[in-house]
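Please open the model in your viewer and keep the sequence panel beside it, since the tour moves from one selection to the next.

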Amino acid sequence: MAACLGEMNQITIVGFTGSDAEVHYTQSGTFVVTLSVATKESWKDADGNWQSRTDWHRIVSFGKLAEFTRTLTKGSYVMIQGAVRAREY
């Protein structure tokens, strides 16, 4: 019988930051940094022409990790690992 790893919520994103890190605080005073990270996918279509798509990801970090994240500037090449949290608006 194979071992079960259980449910995992883990993602890795590798891309470039679209702007400088944004610093703010929650109402309770927790230090928070947000980033926009772009990932790009390229492929050849049925006619042999290159196509591409860029997706933007909102990254949020807290506490000690946010202290490092705040140093990132537009165009920084990053690898982000963490849990996915989705929201609907």
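Start by selecting Val78: leaving out residues up to four places away in sequence, Val78 touches Ile13, Val14, Gly15, Thr17, Val37 and Leu72, where contact means heavy atoms within 4.5 Å. Before going further, note that this is a predicted model, in which local features need pLDDT of at least 70 and side-chain atom pairs count only at pLDDT 80 or more, while totals for chains, interfaces and linings use all residues. Residues are numbered from 1 along each chain as its sequence is written, and side-chain values use heavy atoms, with hydrogens and water left out.

Next, widen the selection to the largest nonpolar core, whose 10 residues are Ile13, Ala21, Phe31, Val33, Leu35, Val37, Ile59, Ala66, Leu72 and Val78. Strand β3 (residues 31–44) supplies the largest share of this core, namely four residues. Such a core is a set of buried Ala, Val, Leu, Ile, Met, Phe, Trp, Tyr and Cys residues joined through side-chain atoms within 4.5 Å; buried means under 20% relative accessible area, exposed over 50%, and partly exposed in between, with a 1.4 Å probe and protein chains only.

Now pick Thr17, which lies in strand β1. Is Thr17 buried or exposed? Thr17 is buried, with a relative accessible area of 4%, and, not counting residues up to four places away in sequence, Thr17 touches Leu35, Ser36, Val37, Thr73, Lys74, Gly75, Ser76 and Val78.

Move on to Ser19, in the loop between β1 (11–17) and β2 (22–25). Ser19 is partly exposed, with a relative accessible area of 26%, and, its neighbours within four places in sequence aside, Ser19 is in contact with Leu35, Thr73 and Lys74. If you add Ser76 to the selection, the C-alpha atoms of Ser19 and Ser76 are 8.8 Å apart in space, although the two residues are 57 residues apart in sequence.

Finally, zoom out to the whole protein chain, which has one helix and five strands, running β-β-β-β-α-β from the N terminus on; helices (H or I, at least four residues) and strands (E, at least two) are DSSP runs, numbered from the N terminus. The radius of gyration of the protein chain is 17 Å, well over the 12 Å that the globule rule gives for 89 residues, so the chain is more spread out than a compact globule; the radius is taken over C-alpha atoms, and the rule is 2.2 Å times the number of residues to the power 0.38. Of the 89 residues, 21% count as buried.
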